[in-house]
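Please look over the sequence and the structure shown here before reading on. The paragraphs after them go through the chain step by step.

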Amino acid sequence: MEKVQTQTIDTTKIVYPILFMISFSHFLNDLIQSTIPSLYPILKGEFSLSFAQIGIITLVFQLTASILQPFVGIYTDKKPKS
């Protein structure tokens with residue numbers, strides 16, 4: 001009978017490049033979330049938008065950021081690339 005060797009993975013080691021990329025992505029997400037509302041006065045004046053249209057921009061942004069995100073997470077959890 002042949003003996004099968006198993007390889008163990010050290011799960012206590014921190015993988016800094018991955019941690020850095022996750023942190024940087026989170027930073028970009030927060031930056032975009034704070035930048036879009038600050039552009040509302042410029043968008044309102046430049047494109048003659050009403051407050052209702054600005055509200056629709058906010059609604060679409062929040063829907064894609066908050067509601068779509070869990071579905072993307074579920075999909076990527078079920079079908080990983082590696």
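Which residues form a nonpolar patch on the surface? The patch is made of Leu59, Leu63, Ile67, Leu68, Phe71, Val72 and Ile74, and together these residues have about 660 Å² of accessible area. The model in which this patch appears is a predicted one.

To place the patch, it helps to start with the chain as a whole. Its secondary structure consists of 3 helices and 0 strands, and from the N terminus on the order of the elements is α-α-α. The chain is more spread out than a compact globule, because its radius of gyration is 22 Å, well over the 12 Å that the globule rule gives for 82 residues. Along the principal axes, the C-alpha atoms fill a box of roughly 80 × 25 × 15 Å.

The surface values come next. Of the 82 residues, 6% count as buried. The chain exposes about 7900 Å², and carbon and sulfur atoms supply 68% of that area. As for charge, the chain has 6 positive and 5 negative charges, and the mean positions of the two groups are 6 Å apart.

The helices can now be taken in turn. Helix H1 covers residues 16-38, and proline 37 lies in it. Phenylalanine 20 also belongs to helix H1. Is phenylalanine 20 buried or exposed? Phenylalanine 20 counts as exposed because its relative accessible area is 55%, and the cut-off for exposed is over 50%. Between phenylalanine 20 and alanine 52 there are 39 Å from C-alpha to C-alpha, with the two residues 32 residues apart along the chain.

Proline 37 has a relative accessible area of 39%, so it counts as partly exposed. Its C-alpha atom is separated by 9.6 Å from that of isoleucine 57, and these two residues are 20 residues apart along the chain. Serine 38 is in helix H1 as well. With a relative accessible area of 48%, serine 38 is partly exposed. Serine 38 and histidine 26 are 12 residues apart in sequence, and their C-alpha atoms are 19 Å apart in space.

Helix H2 spans 40-47, and serine 48 sits in the loop between helix H2 and H3. Most residues other than glycine have a negative phi. Serine 48 has a positive phi of about 50 degrees although it is not a glycine. It is also exposed, at a relative accessible area of 63%.

Helix H3 takes up residues 51-78 and holds leucine 63. Isoleucine 74 is likewise placed in helix H3. Both of these residues are members of the nonpolar patch described at the start. How exposed are they, given that a patch residue needs over 30% relative accessible area? Leucine 63 is partly exposed, with a relative accessible area of 39%. Isoleucine 74 is partly exposed too, with a value of 44%. Isoleucine 74 can also be set against helix H1: from isoleucine 74 to serine 25 the C-alpha distance is 19 Å, and the two are 49 residues apart in sequence.

To return to the overall picture, the chain is built from 3 helices and is more spread out than a compact globule. On its surface is the nonpolar patch that includes Leu63 and Ile74.

How values were computed. Residues numbered from 1 in each chain as written. Predicted model: local features only at pLDDT ≥ 70, side-chain atom pairs only at ≥ 80, totals over all residues. Heavy atoms only, no water. Helix = DSSP H or I, 4+ residues; strand = E, 2+ residues; numbered from the N terminus. Rg over C-alpha atoms; globule rule 2.2 N^0.38 Å. Buried < 20%, exposed > 50% of the residue type's maximum accessible area, 1.4 Å probe, protein only. Areas by Shrake-Rupley, 256 points an atom, 1.4 Å probe, with all protein chains shown as cover. Lys, Arg positive; Asp, Glu negative; His and termini not counted. Charge placed at Lys NZ, Arg CZ, Asp CG, Glu CD. Patch = residues over 30% accessible without salt bridge, like charges linked within 9 Å, V, L, I, M, F, W, Y side chains within 5 Å. Salt bridge = Lys/Arg side-chain N within 4 Å of Asp/Glu carboxyl O.
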